[in-house]
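Me: I would like to go through this structure one point at a time, with the reasoning set out before each answer. Please begin with how the elements are named, and then take my questions in turn.

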Amino acid sequence: MEIRILVAYASKYGATAEIAEKIGQVLRQAGLQADVLPVHRVSDLMPYKAVVLGSAVYMGRWRKEAAKFLRTNEKLLAERFVWLFSSGPLGEGDPVELMKGWRFPEGLRPIIDRIQPRDIAIFHGMLDMKKLNFIEKFAIKNVKSPVGDFRDLDAITSWTTAVADELKKQSE
Ligand SMILES: Cc1cc2nc3c(=O)[nH]c(=O)nc-3n(C[C@H](O)[C@H](O)[C@H](O)COP(=O)(O)O)c2cc1C
């Protein structure tokens, strides 16, 4: 049986979009069918057996469109296999430790509890000062955040491989 997966994402400056593309690529290499789309372009969840949903994190929150997607589609998501990921922490080291216990935006907890995702991952992010607006530059300088591309392709690949393995097992 063909397993079709939606990888939906919300990205402001492209780092999360590229993580989503990588996830789609790994799923396809594992023999699954994956569509990778920004959340605002997703029109129908019915064709999908599973959804991987990810957002960039800004000021401890997901992008508005990702939170909206989760709220709007709660019922359909609760009927599917769901994996969530955030792209955020900058700097070297364990992304979970860098987030100091933050796992997902607290305001989304009730919905996430009802959807019961299979896993919630945090991946390192990327920050390019040249792309930021004035306020963002100010905020970043103020917290002395590391700047650069900290994304870890190996971590993304191994997490996605586990997602693919679980989906294949569920479909046997
Ligand atoms: C103004 C600003 C605030 C940010 N706040 C957070 C944050 O609260 N937590 C976090 O982990 N990363 C934070 N980041 C880092 C971004 O989430 C990270 O750069 C992400 O990979 C960007 O994804 P995008 O290119 O898809 O928008 C912040 C970045 C900026 C510019």
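Reply: Helices are DSSP runs (H or I) of at least four residues and strands are DSSP runs (E) of at least two, numbered from the N terminus. The model itself is predicted. As an example of the naming, leucine 70 falls within residues 64–72, and the element there is helix 2.

Me: Is leucine 70 buried or exposed?
Reply: A residue counts as buried when its relative accessible area is under 20%. The relative accessibility of leucine 70 is 1%, so this residue is classed as buried.

Me: How far apart in space are leucine 70 and leucine 53, C-alpha to C-alpha?
Reply: Leucine 53 has its place in strand 3, and because its relative accessible area is 1%, leucine 53 is buried. In sequence, leucine 70 and leucine 53 are 17 residues apart, while the C-alpha to C-alpha distance in space is 8.6 Å.

Me: What separates the C-alpha atoms of leucine 53 and alanine 20?
Reply: Along the chain, leucine 53 and alanine 20 are 33 residues apart. In space, the separation of their C-alpha atoms is 8.6 Å.

Me: Which element gives the largest share of the shell around the ligand?
Reply: The space that the ligand takes up is the largest pocket. The elements that give two or more residues to the shell are helix 1 (15–29), strand 3 (50–58), strand 7 (126–127) and helix 6 (134–142). The largest share is 3 residues, and it comes from strand 3.

Me: How many residues of the shell around the ligand are charged?
Reply: There are 22 residues around the ligand, and those that come nearest are Ser11, Thr16, Val57, Tyr58 and Met126. By class, the shell holds 13 nonpolar and 7 polar residues, and the number of charged ones is 2.

Me: How much of the ligand's accessible area does the protein cover?
Reply: An oxygen atom of the ligand lies 2.6 Å from an N or O atom in the side chain of threonine 16, and an oxygen atom of the ligand lies 2.5 Å from a polar backbone atom of methionine 126. On its own the ligand has 650 Å² of accessible area, and the part covered by the protein is 90%.

Me: Which residue has a polar backbone atom 3.0 Å from a nitrogen atom of the ligand?
Reply: The residue in question lies in the loop between strand 3 and strand 4 (61–62). Its phi is near 50°, a positive value in a residue other than glycine. Most residues other than glycine have a negative phi. The backbone atom that lies 3.0 Å from the ligand nitrogen belongs to methionine 59.

Me: Is lysine 100 buried or exposed?
Reply: Lysine 100 is found in the loop between helix 4 (95–98) and helix 5 (109–115), and its phi is near 50°, a positive value in a residue other than glycine. Exposed means a relative accessible area over 50%. The relative accessible area of lysine 100 is 75%, so lysine 100 is exposed.

Me: The side chain of which residue makes a polar contact with the side chain of arginine 151?
Reply: Arginine 151 sits in the loop between strand 8 (148–149) and helix 7 (153–170), and because its relative accessible area is 19%, it is buried. Its side chain reaches the backbone oxygen of alanine 15 at 3.2 Å. At 2.7 Å, it makes a polar contact with the side chain of glutamate 18.

Me: How far apart in space are lysine 137 and valine 26, C-alpha to C-alpha?
Reply: Lysine 137 lies in helix 6 and is partly exposed, with a relative accessible area of 30%. In sequence, lysine 137 and valine 26 are 111 residues apart, and in space their C-alpha to C-alpha distance is 34 Å.

Definitions and conventions. Residues numbered from 1 in each chain as written. Predicted model: local features only at pLDDT ≥ 70, side-chain atom pairs only at ≥ 80, totals over all residues. Heavy atoms only, no water. Near = heavy atom within 4 Å. Polar contact = N/O pair within 3.5 Å; in protein donor to acceptor, adjacent residues only side chain to side chain. Areas by Shrake-Rupley, 256 points an atom, 1.4 Å probe, with all protein chains shown as cover. 1 Å grid on protein atoms, 1.4 Å probe; cavity = no way out; pocket = protein on both sides within 12 Å on 5 of 7 lines; lining within 4 Å. Sits in = over half its atoms within 2 Å of the grid points. Nonpolar A, V, L, I, M, F, W, Y, C, P; charged D, E, K, R; others polar. Buried < 20%, exposed > 50% of the residue type's maximum accessible area, 1.4 Å probe, protein only.
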